[in-house]
Amino acid sequence: RLISGKYATIVGVPGQTNRSYVTALKVMSKFKSQINFSEIVTHTFSLDEIDRAMDVAIREESMKVAIRP
């Protein structure tokens, strides 16, 4: 319900390698003038706040939730 309510698409990428990150960075560089990537991470939490982070991650106001070690 939460995923369909947000019209989210989940894409899994098993077995990521260092090349995966190189490719992602190239794509980000190519589209940096069209997409403000700094706005993608909408919330940042410490590891101690993991429960709160998970609650926020499933809400509509979040885009991307990051956890700092």
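Five bridges join strand β1 to strand β2 (residues 64-68), and the two strands run parallel. The model in which this pairing is found is a predicted one. Within the pairing, T44 has A66 of β2 as its bridge partner, while V41 stands opposite K64 in β2. The connection between the strands involves helix α3 (residues 50-57), and β1, α3 and β2 together make a right-handed β-α-β unit. This unit is part of a protein chain that contains three helices and two strands, arranged along the sequence in the pattern α-α-β-α-β.

Two residues of strand β1 illustrate how the strand is covered by its surroundings. F45 lies in this strand and, at a relative accessibility of 3%, counts as buried because the value is under 20%. Not counting residues up to four places away in sequence, F45 touches R52, A53, V56, V65, A66, I67 and R68. Among these contacts, V65, A66, I67 and R68 fall within the range given for β2, residues 64-68, whereas R52, A53 and V56 fall within the range given for α3, residues 50-57. F45 is also 8.9 Å from P69, C-alpha to C-alpha, although the two are 24 residues apart in sequence. S46 is likewise placed in strand β1, and its relative accessibility of 18% also puts this residue under the 20% limit, so that S46 counts as buried. With residues up to four places away in sequence again left out, S46 touches I67 and R68, both of which are also listed among the contacts of F45.

For the chain as a whole, 7% of the 69 residues count as buried. The protein chain exposes about 6300 Å², of which carbon and sulfur atoms supply 57%. When contacts between residues at least 6 apart in sequence are considered, 21% of them join residues at least 24 apart.

On the surface, I35, I40, V41 and M63 make a nonpolar patch of about 340 Å². One of these residues, I35, is found in the loop between α2 (18-30) and β1 (41-46), and with a relative accessible area of 38% I35 is partly exposed. Because residues enter such a patch only with over 30% relative accessible area, the 38% computed for I35 satisfies that condition. Another member of the patch, V41, is the residue that stands opposite K64 in β2.

Turning to charged groups, side chains of opposite charge can pair when their charged atoms come close. A search of the whole structure finds one salt bridge, in which the side chains of R59 and E61 meet at 3.9 Å, N to O. Since a salt bridge is assigned within 4 Å, the N to O distance of 3.9 Å meets the cut-off. Neither partner counts as buried: R59 is partly exposed at 41% relative accessibility, and E61 is partly exposed as well, with a relative accessible area of 49%.

Methods: Residues numbered from 1 in each chain as written. Predicted model: local features only at pLDDT ≥ 70, side-chain atom pairs only at ≥ 80, totals over all residues. Heavy atoms only, no water. Patch = residues over 30% accessible without salt bridge, like charges linked within 9 Å, V, L, I, M, F, W, Y side chains within 5 Å. Areas by Shrake-Rupley, 256 points an atom, 1.4 Å probe, with all protein chains shown as cover. Helix = DSSP H or I, 4+ residues; strand = E, 2+ residues; numbered from the N terminus. Buried < 20%, exposed > 50% of the residue type's maximum accessible area, 1.4 Å probe, protein only. Pairing = 2+ DSSP bridges. Right-handed = clockwise from strand over helix to strand, strands pointing away. Contact = heavy atoms within 4.5 Å.
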